[in-house]
Amino acid sequence: MAEPVFEIKDISYTYKDKLEHTPALKNINLKIDKGDFVALVGPNGSGKTTLIKLILGVLKPQQGEIYINGQSSRRYKAGQEIGYVSQKSNSFAKGFPASVSEVVMSGLTKQKGLFKRFTKKDRDRLDEVLGMLDIGHLKDKNISSLSGGQTQRVFIARALVNDPSILVLDEPTVGIDNRHVKEFYEVLLKLKERSVTILLVTHDIGVVVDNADEVACLNEHLHFHGTNHEFKNLGEAELSKIYGFPLQLVSHDHDRECCI
Amino acid sequence: MIEALLDYEFIRYSFISGIVAGLIAPLIGTFIVIRRLSLIADALSHVTLGGIAFGVYLSTLFTFTINPLITGIIFSILGALGIERLRSVYKHYQELAIPIIMSLGIAVGIVFLSLANGFNQDLFGYLFGSISAVSMNDLILIVSIGIIVILFIFLLYKELFMVSFDEEYANVMNVNRWIYIAFIIVVALVISASMRIVGILMVSALMTLPVASAMRITSSFKQLMILSVIFGETAVISGLFLSYHLNISPGGTIVLVSILILMGTIILNKLGVSRNGGRNEEVPGQTQG
C-alpha cells in the first residue's frame, strides 16, 4: 500500500487585513504518496504558494489539517526531511558575494544545529551533491557569475544537501530559458529515481504533463487531481473553468510537447 | 607615533580601541551590507548620540559622573529593538523604521544636550572621534564588546549567513527568530564600541565602506569578511597615525582613508583585477543569459 507523505484535509485559508478578507484556499483535500512527482498548477493568485507555505509550516491552517509523514504541520519543523526551492531564490543570488559551496552548505544549517561548525563529512556531502547535479566544477565560483540554469541547480543542491526525502519547488524555472528548463527536469527525474517525493508548483504545463506522475489543478478550490494522462485528456470546458478564461491543451505529437 | 604609543597610556588605549573597532565594525558590517540594512548603522549611531547626551545630562544632575558610553549603549540597544519592532509593524515599508528611530535619536539628543547646557569638548570627541578620550574603563568596555561580537559571529556564522542570504528560506527552515534580535543588539554594541575612535557621525562608514570596497574584488563570503577587516584595520591604523601627526579628529582621517581604499578597489575592478568579474554590485533582478 502506498505510503502518504502529505495528507491535506479540508484546508481553507483567508488572508485578512483591516480593510478586506481575501480567500486564498477553500476546502482543499489532497494526498501525495511517497516517491510521487506531483505538479501543482493553476493561474496566478490561485493559492499555489499559499498551499506550499501551509505545507512548510510558514503559515498555520485556519481550518483543516495538513499531515506530513503522519505529523500535523502545526507541530512539524521543516529542515531535515524537506528540501525547498523558492521562486525568489534566483533574485537573492544576483549581486550576492558568496561562492557556490557557501550557498549549498547553508542548506545544512538546520540539520547541524546551533553553535556547530561544518565538518569534513559535510564537505564530502557537498561534493557528492554538486557531482550529482554536474556542477562540481562551479564549487568555488561566485554565485552571481552563473547562468540562470546553473544558479537553479545550485539552489536544488542546497535543497538536497541535507538528504531530504521530500522536495518542494515553488516555480523554480521562472526566468530560465528552454534549454535550462529541460536540464532542470532531467535533474528532477534523476531524483525521482531515488524515491524523492517531489511537489512542483509551476506554470509550465506543457513540460509538466510529460514529466510529472500526477497533476493537481488549483484555483481557490482543488479542481482536478489525477495522473498526467488524465490531465492531458481534460476538455476545454474543464480547463477554462480552472483558469477562468477560455483555453485548451494542444498536443504536438512531433516533439511530444503540450501547451496552452 | 610609535614613541607616543610607548610613552603615553591614552595613545595606547586609543590605538587598542581602534584595532578592536577596525576588526568588529567591518565584520558585522558584512552582514549589514548584504542584508541591505546599511542605514541601520546610521540610525543607531544617532540614537547612541541621544544616549550620550542623556548620560551627560544625568552627570550634571548628580555629584557623581555617569559614563556616557554606558547610557549610549543602553539607548542604542533600545533603538535596535525599536527598529526590529517597527519593521514588523510596517511589514511592507520596513525601511520606515530607520528614519523614525533616527529622528527620535536626534530629537532626544538635542533635548538632553540643551538641558545639559549644550556642547562641551567631551561631546565633540563623541561626535567626531578622539585620539585622547579613551579611558581605561572605556577600553575595558570596548574590548569586552569586541570579544562578545567575535564570539557571536564565530558561533552563529552559518545561521547569520543563511538569514542574510535568503531570509525566506531561513524562515522555512525554522532558523530561530531570536537571531534577528541578537544580531541587531550586536550591531548596537559595535556602534557603541567604535564611536569613541571614529565618532558617532562616521561610525556607520567604518561598518560599510570596507565592505563596499571588498565587495568589488571578492568571490566568496569568507573572502569578503577577511578583506573587509584588512581594509578596516588599514583605514583605522593609518587614520590614527594621520590624526596624531596632523592634530585633527581621527574620525575624518579614518573615513577618508576608507574612501581612498574604495576608490582603489573600483579602479582595480575596472582594470579587471577581481575574482568576481565585478558582479557583486549588480542590481537584484537583472538576469543573465
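Q: How much accessible surface does chain A come to, in Å²?
A: This is a predicted model, so keep that in mind for everything below. Carbon and sulfur atoms account for 48% of the accessible surface of chain A. The whole surface of that chain comes to about 11700 Å².

Q: What share of the accessible surface of chain B do carbon and sulfur atoms supply?
A: Chain B exposes about 12200 Å². The part of that area supplied by carbon and sulfur atoms is 69%.

Q: How many helices and how many strands does chain A have?
A: Chain A has 260 residues, and 54% of them count as buried. Take its contacts between residues at least 6 apart in sequence: 65% of these join residues at least 24 apart. The secondary structure comes to ten helices and twelve strands.

Q: Which element of chain A has the highest mean pLDDT?
A: Averaged over chain A, the pLDDT is 83, and 89% of the residues score at least 70. At the low end of the elements sits strand β12 (residues 257-259) of chain A, with a mean of 48. At the other end, with a mean of 94, is helix α3 (residues 100-105) of chain A.

Q: How many contacts does the stretch of chain A with pLDDT below 50 have in the model, beyond near neighbours in sequence?
A: The stretch in question is residues 254-258 of chain A. Leaving out near neighbours in sequence, its contacts in the model number eleven.

Q: Why can chain B be called as compact as a globular protein of its length?
A: Chain B is built with 13 helices and zero strands. For 289 residues the globule rule gives 19 Å, and chain B is as compact as a globular protein of that length because its radius of gyration is close to that, at 19 Å.

Q: What box do the C-alpha atoms of chain B fill along the principal axes?
A: Of the 289 residues in chain B, 56% are buried. Among its contacts with a separation of 6 or more, 75% come from residues 24 or more positions apart. Along the principal axes, the C-alpha atoms fill a box of roughly 65 × 50 × 30 Å.

Q: Why does the end-to-end distance of helix α11 (residues 203-215) of chain B agree with what a helix should span?
A: The helix has 13 residues, and at 1.5 Å a residue it should span 18 Å. The distance agrees because the end C-alpha atoms are apart by 19 Å.

Q: Which elements of chain B do the buried residues of α11(B) pack against?
A: α11(B) is mostly covered, with twelve of its 13 residues buried. Among them are B:V203, B:L206, B:P210 and B:M215. The buried residues pack against α2 (9-34), α3 (38-61), α10 (178-198), α12 (221-246) and α13 (250-270) of chain B.

Q: Which residue just after α10(B) takes a positive phi?
A: α10(B) has 21 residues and reaches 30 Å between its first and last C-alpha, close to the 30 Å expected at 1.5 Å a residue. This helix is mostly covered, with 18 of its 21 residues buried. Just after α10(B), a positive phi of about 95° is taken by B:G199.

Q: Which element gives the most to the largest nonpolar core?
A: The largest nonpolar core has 164 residues, and A:F6, A:L188, A:L191, A:F231 and B:F221 touch the most other members. With 14 residues, the element that gives the most to this core is α10(B).

Q: Which residues of chain A does B:F221 touch?
A: Skip residues up to four places away in sequence. On the chain B side, B:F221 touches B:T30, B:F31, B:I34, B:Y157 and B:F161. On the chain A side, the partners are A:F96, A:P97, A:A98, A:S99 and A:E102.

Q: Is A:T109 buried or exposed?
A: A:T109 is found in helix α4 (residues 109-112) of chain A. Not counting residues up to four places away in sequence, A:T109 touches B:K158, B:E159 and B:M162. The cut-off for buried is under 20% relative accessible area. The relative accessible area of A:T109 is 1%, so this residue is buried.

Q: How far apart in space are B:S76 and B:I185, C-alpha to C-alpha?
A: B:S76 lies in helix α4 (residues 68-89) of chain B and is buried, with a relative accessible area of 0%. Its contacts include B:L44, B:V47 and B:A188. B:S76 and B:I185 are 109 residues apart in sequence, while their C-alpha separation in space is 8.0 Å.

Terms used: Residues are numbered from 1 along each chain as its sequence is written. Chains are lettered from A and ligands numbered from 1 in the order in which they are written. This is a predicted model: local features need pLDDT of at least 70, side-chain atom pairs count only at pLDDT 80 or more; totals for chains, interfaces and linings use all residues. Side-chain values use heavy atoms; hydrogens and water are left out. Helices (H or I, at least four residues) and strands (E, at least two) are DSSP runs, numbered from the N terminus. The expected span of a helix is 1.5 Å times one less than its number of residues. Buried means under 20% relative accessible area, exposed over 50%, partly exposed in between (1.4 Å probe, protein chains only). Contact means heavy atoms within 4.5 Å. A nonpolar core is a set of buried Ala, Val, Leu, Ile, Met, Phe, Trp, Tyr and Cys residues joined through side-chain atoms within 4.5 Å. pLDDT is the predictor's confidence in each residue, from 0 to 100. Accessible areas come from the Shrake-Rupley method with a 1.4 Å probe; for residues, only the protein chains shown count as cover. The radius of gyration is taken over C-alpha atoms; the globule rule is 2.2 Å times the number of residues to the power 0.38.
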